[in-house]
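Please open the model in your viewer and keep the sequence beside it. The tour below begins with the surface of the chain and then moves inward.

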Amino acid sequence: MKSKSIAYFLWLISFFGWFGFHRFYLGKIATGTIWIITGGVFGIGCLLDLFTLGGQVEQYNTNLE
């Protein structure tokens, strides 16, 4: 089980998602790498992640069951 709190904390400390730490936490290695290379898809992906991160964590946890 992954925690929303930890995911948002990682989003915050990765310069508001630009480095994609939260994506690596959720096992999204490919998009995490893309986030590092492109700066969170030039900031757009970071902003989207702010609003969708809770759902991404829920989806991850649902797929574990």
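Select the whole chain and show its surface: about 4100 Å² is exposed, and carbon and sulfur atoms supply 74% of that area, where accessible areas come from the Shrake-Rupley method with a 1.4 Å probe and, for residues, only the protein chains shown count as cover. This is a predicted model, in which local features need pLDDT of at least 70 and side-chain atom pairs count only at pLDDT 80 or more, while totals for chains, interfaces and linings use all residues. Residues are numbered from 1 along each chain as its sequence is written, and side-chain values use heavy atoms, with hydrogens and water left out.

Next, switch to a cartoon, where you will find 4 helices and 0 strands; helices (H or I, at least four residues) and strands (E, at least two) are DSSP runs, numbered from the N terminus. Taken along the principal axes, the C-alpha atoms fill a box of roughly 35 × 20 × 15 Å.

Now colour the chain by burial, for which buried means under 20% relative accessible area, exposed over 50%, and partly exposed in between, with a 1.4 Å probe and protein chains only: of the 65 residues, 35% count as buried.

Then select L53, which lies in helix α4 (residues 44-64) and is buried, with a relative accessible area of 0%. Which residues should you show around L53, leaving aside its neighbours within four places in sequence? They are A7, Y8, W11, H22 and L26, contact here meaning heavy atoms within 4.5 Å. Finally, draw a distance from the C-alpha atom of L53 to that of K4, 49 residues apart along the chain, and you will find a separation of 7.7 Å.
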